[in-house]
Amino acid sequence: MKNIILLLSSIALLCCTGNNKGAGSLVRVGTMPDTESGYNLGVSACYATTGNGCILLAGGCNFPEKPAAESGAKRYYKGIYLSSTEGTTEWKQIGELPEPSAYGVSLQHEGSMIIAGGMNSDGAKNSVYMLTPEGEKCRIKQLPPLPCTIDNAAGAISGNRIYIAGGNADSKASTRLFTLDIKTPSLGWMELKNFLGRGRVQPVCAATSEALYVWGGFCPTDSTGDAEVHCDGAKYDFATQSWSTLPMVTDEDGEPLTLSGGTAIAIDDKKIIAAGGVNREIFQDAISGKYKLIAKEEYMHQPAEWYRFNDRLLIFDTESEKWEVRLKESAFARAGALLTCDAQSIYYIGGELKPGIRTAEIFKLNK
């Protein structure tokens, strides 16, 4: 099989070989902390960033007592943890979130982690916090709240601006885009032009210096139409303040691939990487309520491989606007996981292996 070598920017480098022969570059570096009861079972939709030689991890949710397939209760977490990026992960708890939280947006900014929106057992949130490690503790600064509650959205930072796109806004599948200038937070959030098409819940998002990119996500059945899982994307040009459509994400055979429930980050202005996400056909059959592929009562009880989560690491070239599969590995087959990177490595953290079943494993892609 053809070897592929990818050189990324001096800011972050990734080198791997294509498809199954590239598995050697994917290194398991540890698992999640065990300070909070149940957290070591693994969580989905947590918050994580890297910076200053450390991984900062917080929140997330799982079903620790009884599986979701058996109507188990979902638990949300609030611990804030820090680990060095050297060697394997050894976690130290340095604080707690103001309340348990998952399904929000986490973004890296100058050694701090910004958390926007999210939800817990009490409902969706509009709160925004900046978490900054300071020795053995974590300083938490409250930023202006979002104009509405937002969960299951995606976000990115370009320069000093935070962008939050899609998700559920006040509990409705959203096409809304919000921005906040971190340097002048007192000005509050500004709503920009809505993106094209229907709402996108659980999309992926990344930003360069010139544009914001959004892919995937799903829209449940609502007044705008039947349930839909998106494979295409949209691009917001900062200069023109306008949206344009992006072609569908495709796999190595040119077949449509959704990034819904996946994760993405920009490496530099020319490259965006993405991984994970659900299978379009299977997920759409379920959220539509039709269950043509399998009986509803059997849906949650299948082995992980049946759900066919995306097991590819994909690279998007912002100049050609084309996707390429760079690595195919079963460890990528997750939903609700996170990609985050430092100057040397890219980390793939947590997520679920199938509906309701989480993983605690953390992987690193070495340069």
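In this predicted model, Tyr-236 is buried, with a relative accessible area of 2%. Its partner in a ring pair, Trp-243, is also buried, at a relative accessible area of 9%. Both values fall under the 20% limit that defines a buried residue.

**Aromatic rings**

The structure holds 19 aromatic pairs. The rings of Tyr-236 and Trp-243 form a tilted pair, because their planes stand at 55° and the tilted class covers angles that are neither under 30 degrees nor over 60. A stacked pair is formed by Tyr-213 and Trp-215, and both of these residues are buried. The table sets out the two pairs.

| Pair | Centre to centre | Angle between planes | Class |
|---|---|---|---|
| Tyr-236 and Trp-243 | 5.2 Å | 55° | tilted |
| Tyr-213 and Trp-215 | 5.7 Å | 15° | stacked |

Tyr-236 and Trp-243 also belong to a cluster joined by ring pairs, whose other members are Tyr-163, Phe-195 and Phe-238.

**Cavity and pocket**

Empty space within a structure can be found by rolling a probe the size of a water molecule over the atoms. The structure contains one cavity of 30 Å³ or more. The volume of the largest cavity is about 80 Å³. Which residues line the largest cavity? They are Leu-97, Pro-98, Glu-99, Pro-100, Ser-101, Ile-115, Gly-117, Lys-125, Ser-127 and Tyr-129. By class, this lining consists of five nonpolar, three polar and two charged residues.

The second largest pocket has a volume of about 270 Å³. Its lining comprises 16 residues, and those nearest the centre of the pocket are Asp-251, Leu-257, Asn-279, Arg-308 and Arg-312. How many residues of this lining are charged? Nine are charged, while four are nonpolar and three are polar.

**A sheet of four strands**

Four strands make up an open sheet in the order 1-34-31-30, and their pairing is antiparallel. Strand 1 (26-31) and strand 30 (338-341) are the edge strands, each of which pairs on one side only. On average, neighbouring strands of this sheet are turned by 25° against each other, with direction ignored.

Within the sheet, strand 31 (residues 346-349) pairs with strand 34 (residues 361-365) in the antiparallel sense, and four bridges connect them. Ile-349 stands opposite Ile-362, a residue of strand 34.

Technical notes: Residues numbered from 1 in each chain as written. Predicted model: local features only at pLDDT ≥ 70, side-chain atom pairs only at ≥ 80, totals over all residues. Heavy atoms only, no water. 1 Å grid on protein atoms, 1.4 Å probe; cavity = no way out; pocket = protein on both sides within 12 Å on 5 of 7 lines; lining within 4 Å. Points joined across faces, edges and corners; volume = space filled by probe spheres on them. Nonpolar A, V, L, I, M, F, W, Y, C, P; charged D, E, K, R; others polar. Phe/Tyr/Trp six-rings, centres within 6.5 Å; stacked < 30°, edge-to-face > 60°. Buried < 20%, exposed > 50% of the residue type's maximum accessible area, 1.4 Å probe, protein only. Pairing = 2+ DSSP bridges. Helix = DSSP H or I, 4+ residues; strand = E, 2+ residues; numbered from the N terminus. Axes fitted to C-alpha atoms, helices over the stretch in contact; angles between N-to-C directions.
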